[in-house]
Amino acid sequence: MSSGPVLDIRDLRIALPEGSDRPFALEGLNLTVNPGEIVCLVGESGSGKSLTAGAVMRLLPEPHVQVAGGAIAFENQNLLDKTEAEMRKIRGNRISMIFQEPMTALNPQKTVGWQIDEVLGLHMNAPRSERRAHAIEMLDRVHIPDPASAYNAYPHQISGGQRQRVMIAMALSLSPRLIIADEPTTALDVTTQLQILKLIRELQEEDGAGVLFITHDFGVVAEIADHVVVLRNGVMVETGPASQVLNDPKHPYTQALISSVPALTPPPAKAVTQAPVVLKGTGLKKTFAASGGFLSGKREAVVAVRDLTFQLHKGETLGVVGESGSGKTTVSRIVTRLLEADSGAVELNDTDLLACSPRELRAMRKHIQMVFQDPMASLNPRKRVVDLIAQGPIVHGENRETARARARDLLELVELSPAAADRFPHEFSGGQRQRIGIARALALEPKVIVADEPVSALDVSVQAQVLTLLADLRERMQLSLLFVTHDLRVAAQLCDRIIVMQKGEIVESGLTAEVFADPQHPYTRNLLSSIPGRHWTPPTFKTAPVTEGAA
Amino acid sequence: MSLPVPPILTYALRRLVQAVPVIILIMVGTFLLLKLAPGDTVDALVGDMGGADAAFIARLRAEYGLDQPVWVQLWRYMAKLATFDFGWSFVYEQPVSRVLMDRLGTTLLLMATSLSLAFTIGIALGAFAARRAYSLTDNVISTLGLVFYATPSFFLSLMMMLLFSVKLGWLPVGGIKTIAGFYTGWDHVVDVALHLVMPTAALSLIYLSFYLRLMRASVLEVAELDYVRTARAKGAGETRLMFHHIMRNALLPVVTLLGLQFSTLLGGSVVVETIFTLPGLGQLAYQSVVQRDMNTLMGIIFLSSVIVIVVNFLTDLLYARLDSRIKLT
Amino acid sequence: MTLVDADLRPPEPSRPVVFWRRYRRNRAALLGLFLFAIVVFMALTAGLVDPDDPLRRAGVPLTAPFVDWATPLGTDQLGRDILSGIFYGARISLLVGVVATLISIAIGVVIGALAGYFGGWVDDVLMRITEAFQTIPNFVLLLALVAILGSKIEWITLAIGIVSWTAPARMVRAEFMSLRGREFVDAARNLGVSNTAIIFREILPNALPPIVVYASVIMALSILLESALAFLGLGDPNYASWGNMIGQGRAVLRTAWYCAAIPGVAIVLTVLSFSLLGEGLNDALNPRQKQR
């Protein structure tokens, strides 16, 4: 086995097709991965980090996107000189890859065993029984319970976290020298994420492989990286050992990114509990029934929320925290009555929202507004921004011209240029769209705003700005917020009190600072100890602001 | 309540139960059409006899239940349809069901050959074109597909007749077999096959191009999916990707449309059978319209709907076999 | 210390400009547009080219094409001018195609929108009806309707509309089912917008692009159905129709094959133009799809 780096990328340039917003996806990347080392390639969306993986695997969507210069040396051999047949012998065998979406990265029509066996059959000269034994051993190494039955399962029959374990088993089954992991934990819940990160670390140490780990999340970097490379719009801005980049970054962009990471220090407790209650949920219950019944096959009923009770005081931010399947999103939908609860009451303004007739409900809606998760999907693509914001007041009887004029004022309030008013949603970036969504919610001057994961689809730097805006508006307008999130860092930054949910039930609630400092329930403890990079406190800086270009 | 029944059986049973309301709706529909049509059974009967006096006509009406309320008539009609009793054909002077059964074989033969040809060649060419997307081969295949898709079957039939029967004399102009041939055994099979070449081609080319275009689009779409990228990253070659990862998933939407399109194919047999004078249901449908034999026409509608439901049922089973995600229980 | 994200991008060109730019990229679609323009031109100028009735005798029967300049494309066995028939036939084909498409899309949109938006039992009932219609072979149903209603062009057009609405209904339903779960619909509901306004003002505009693309397919199918009816001699005898010309040409196929071939080519090119047009519209209206 050759000594020296496993992967050595020199001056790599990747060209984008004509008419793209920039000529090169990647310009002059230098990167080295040594055996036994984990190198994190960090960047926001559009930084060109995933294309780097494609270039190493020689799986770029050619001829649209192709390598325009530089060298990629894998164990001292330039991969760019290899023929396609030679590359096929390397892929899956000496270099392997783990992808982001465990839901879609496995073939839905083949069993787990078949898919692991495929990579073995392609590169290993062994009889079927031996390959099967090896595959089951690999499933065992990634800690899948009952590997033999998992071997015969189809991907849709196992959970997301287990699927990612299968992907890892597949990627590591031939002890590759280099593992490329492209955001492997982004789609997973925080507790699963930590387990998968540990697993990657553990297996990589056993085999002594080099890992190129692509991520956008500095928490994950702090958790796993030995060495860090920071990319911005295709240009490498900083590189160095993890401890140095994380705690003493030199480049202003890296500094800005790191200071955008919400610190895990909750705000000081406010005396809000004396304020009047504006929203009160009692005994809320929602079961997703076995739909269709006899004709379309039986599905088991799922209890999404069971017996939920909470109070939101005026001017307070109440966080609803939990992993996927905890029922937190169902809560936001029941409270706004986008979803009908089975039982319980939601008192707003001394009126039970759940008992309203359709007509009364439509009138009541102006008191409770919502900010949605996906800024792409929550704005009607065929409406102009001014109409989107003015729609609510117009529906509730406001004069058209007044509503439009007010919409323009609101744009200013959310720090958007008045020129935005006459444009369509697709002309904006994700963060700008979320600002529009906030303006729309504010237009009705509601008593309560329900925010369902409003920043989880945004890049970290944009996320910080939207959170700042929300906090700022909350102070100025005395807003009461019901804030649903899976991200404990975000919750720590914004929420006065939090409710922790698991499987449809509240396991713990209290002042954010107290819950974070001294969690009572084991689930909360597990959740808090799974936050990636929890031992790392992002440093603060005093530097000039960096302007994000028109990109 | 876990009975030891194989899941595919319960799935099949459920599918059959779902077809019941559709069949009932079709029964009601044909009844409405019959009521809308000018003249009823008694008018046809009287016309057949060459006229009758008013009292006799009224008695006949009572005998056929035509003086009953509409609901009663509908109920009786549906009860009869359920036993495949379609009434009397005054043109053929025999029960409609017997007329239909005489014709069913020819149509089923034509359907089976056309559909299997269109489907197999269509998906093969579609997958082939998609593999070489935007190359010359792909362009030729896709262009031919577009042209065939735009060619009405009757026009194609005439042009084939002109070329293969009139100019070249290779194939018979029409009929299901040579009238005075009295062939038996293999000679009979060959004779029928020769008669079916042009009708099958005329009927299947449109659907062939339809499946071709669908399969091409479907393969291109599936080829972009994440798990195909995973397989590439495992070192799988293009052929392996195509046969093990792309084909099966790409087939799913095509199979769905196979079921949906079948009724259109059956409708297409009207024109083709009429042109090539094949004694099938399609030709019978045309003749019934010309001769205003409504009982026979409604019989054809009902019978062909039942055939479509059966074919849909089979494609459902095929789909369930292809897609491991479908829960059978 | 922050990355400012509030700056706007430069404004984008208006929608029609973007649409045309995308459409233009597909050369086959440009050919389709060209063919379509020719058909429309023929339909509009039929009265100018030959003010006479196309069903009247215009020259010696069975004159071959390019022989007599009074009848440039020849005459059929009754001496009728084929060129004139082609021009007037374009009028009927387009008229039947457009009106039947409008009828079927209108029925399809209403049924599909209701089924897709409300779901539940509304969806069940409407989909069983749709399935029943889809199960009956459409051409046989068309024959039955024509047998009952008669062969007037208005009834034929209506009948074609009635037998072709199921596919658009299914498509609209699928669109509505996927769109009604989108967050912008929730957002509208949350503002207090009524169901009717959500269906027609929020969802329908977003479901329109695929409907428009599909309309081109229905148009082609309607023209094919009308021509098949006319070919079988069940069309309206008072109008010149391409299908009818082919049907008549069948009798003289051995001696004068051009009588059937010329209108046949006209149908092929017209239907082809709609297919190409549809592909171009699809490229232009669904920009998410891959470009070449």
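Student: How many other C-beta atoms lie within 10 Å of Ala261(C), and what does that count say about its exposure?

Tutor: Ala261(C) has 18 other C-beta atoms within 10 Å, which means that it is partly exposed. The general idea is a neighbour count: a residue is buried if 20 or more other C-beta atoms lie within 10 Å of its own, exposed if 12 or fewer, and partly exposed in between, with C-beta atoms placed from the backbone. Please note that this is a predicted model, in which local features need pLDDT of at least 70 and side-chain atom pairs count only at pLDDT 80 or more, whereas totals for chains, interfaces and linings use all residues. Residues are numbered from 1 along each chain as its sequence is written, while chains are lettered from A and ligands numbered from 1 in the order in which they are written.

Student: In which element is Ala261(C) found?

Tutor: Helices (H or I, at least four residues) and strands (E, at least two) are DSSP runs, numbered from the N terminus. Ala261(C) belongs to helix H11 of chain C, residues 258-285. Its C-alpha atom is separated by 8.2 Å from that of Gly249(C), 12 residues apart from it along the chain.

Student: How many helices and strands does chain C have?

Tutor: Chain C has 11 helices and 1 strand, and from the N terminus on its elements run β-α-α-α-α-α-α-α-α-α-α-α. Its C-alpha atoms fill a box of roughly 90 × 50 × 30 Å along the principal axes. Of the 292 residues in chain C, 52% are buried. Contact is another useful descriptor: two residues are in contact if their C-beta atoms, placed from the backbone, lie within 7 Å. Among contacts in chain C between residues at least 6 apart in sequence, 68% join residues at least 24 apart.

Student: How should one read a strand, and what surrounds E9(A)?

Tutor: In a regular strand the side chains alternate between the two faces of the sheet. Strand E9 of chain A (residues 227-232) has 6 of its 6 residues buried, so it is largely enclosed by the rest of the structure. His227(A), Val229(A) and Leu231(A) point one way from E9(A), and Val228(A), Val230(A) and Arg232(A) point the other way.

Student: Which strands pair with E9(A)?

Tutor: Strands of a sheet pair through backbone hydrogen bonds, either parallel or antiparallel. Here, two strands pair if DSSP finds at least two bridges between them. E9(A) pairs in the parallel sense with strand E3 of chain A (residues 38-42) over 4 bridges, and Val42(A) stands opposite Val230(A). With strand E10 of chain A (residues 235-241), E9(A) runs antiparallel, joined by 6 bridges; His227(A) stands opposite Pro241(A). The hairpin of E9(A) and E10(A) has 2 residues between the strands, and Asn233(A) takes a positive phi near 45 degrees there.

Student: Which strands stand at the edges of the open sheet of chain A that includes E11 and E14?

Tutor: That antiparallel sheet has 4 strands in the order E12-E11-E14-E15. Strands E12 (302-313) and E15 (351-352) of chain A stand at its edges with a single partner strand each, so one side of each has no neighbour in the sheet. E15(A) is joined to strand E14 of chain A (residues 343-348) by 2 bridges, where Glu347(A) and Asp352(A) are bridge partners.

Student: Which helix lies across E11, E12 and E14 of chain A?

Tutor: Axes are lines fitted to C-alpha atoms, for helices over the stretch in contact, and angles run from 0 to 180 degrees between N-to-C directions. H11(A) lies across those strands, at about 65 degrees to E12(A). This helix, residues 328-335, is mostly covered, with 8 of its 8 residues buried. Arg337(A), which follows H11(A), has a positive phi near 55 degrees.

Student: How are H10(B) and H12(B) oriented to each other?

Tutor: Angles under 35 degrees count as roughly parallel, over 145 as roughly antiparallel, 65 to 115 as roughly perpendicular and the rest as oblique. The axes of H10(B) and H12(B) (residues 294-322) come within 9 Å and cross at roughly 175 degrees; the two helices are therefore roughly antiparallel.

Student: How many residues of chain B are in contact with chain A?

Tutor: In chain B, 21 residues are in contact with 25 residues of chain A. H9(B) gives the most to that side of chain B, with 6 residues.
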